Amino acid sequence: MQLSEHFSLADLVKSDVANRLKIKNIPNEKEINCLGQVAKNILEPIWSHFKVSFVPSSGYRCLKLNRVLKSKDTSQHIKGEAVDIEVPGISNFDLAEWIYKNLDFDQLILEFYKPGEPTSGWVHCSYIDRGRRQEVLTYSDQTYSNGLIG
Ligand SMILES: [Zn+2]
């Protein structure tokens, strides 16, 4: 099932950890709808701008998978509202900055990025239909800071 031009539902539910532990990581209709919104409003514009093929490293996570990954129960990944992304050849800081300046998102987090190491960490981005917060954070050393710090 295709969610948008370049992204399939399989792209947004795949998980090596789920496969290995035989966790059924299957979103319901509402969650699939949210994943479609993320694909159209976040992933496609990134693809169009950077013109590089990429697949999110994490999208939908059922509660069980999310807990195995030691993510909080409040994670937007559980609702199909968030993706973790890296674009080959693009620094994760530059990717986060481009999203910040160009996209309408709910929450953007530059996670585990180490200045001077372009491929370190990843970019977490969420999208919701209404009431988007446009919140921008950097997460490292178990601490959230406002804005993008690189
Ligand atoms: Zn994430």
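These legends accompany several views of one predicted model.

**View 1. The whole chain, with 5 helices and 5 strands.** Welcome to the overall fold of this predicted structure. Following the sequence, you meet the elements in the order α-α-α-α-β-α-β-β-β-β. The C-alpha trace spans about 40 × 35 × 30 Å along its principal axes.

**View 2. How the chain packs, with a radius of gyration of 14 Å.** A compact globule of 150 residues would have a radius of gyration near 15 Å, so the value of 14 Å for this chain agrees with that expectation. Burial adds to the picture: 33% of the 150 residues count as buried. Take a look at the contacts too: among those with a separation of 6 or more, 68% are between residues 24 or more positions apart.

**View 3. Strand 2 and strand 3, an antiparallel pair.** Here strand 2 covers residues 107–111 and strand 3 covers residues 122–126. The two are joined in the antiparallel sense over 5 bridges. To find your bearings, start at glutamine 107, whose bridge partner in strand 3 is serine 126.

**View 4. Strand 2 and strand 4, a parallel pair.** Now turn to the pairing of strand 2 with strand 4, which takes in residues 135–140. These two strands run parallel, and 5 bridges join them. A handy landmark is leucine 108, which stands opposite valine 136 of strand 4.

**View 5. Strand 2 with both of its partners, strand 3 and strand 4.** Seen together, strand 2 pairs in the antiparallel sense with strand 3 and runs parallel to strand 4. Glutamine 107 marks the pairing with serine 126, while leucine 108 marks the one with valine 136.

Conventions. Residues numbered from 1 in each chain as written. Predicted model: local features only at pLDDT ≥ 70, side-chain atom pairs only at ≥ 80, totals over all residues. Helix = DSSP H or I, 4+ residues; strand = E, 2+ residues; numbered from the N terminus. Rg over C-alpha atoms; globule rule 2.2 N^0.38 Å. Buried ≥ 20, exposed ≤ 12 C-beta atoms within 10 Å, placed from the backbone. Contact = placed C-beta atoms within 7 Å. Pairing = 2+ DSSP bridges.
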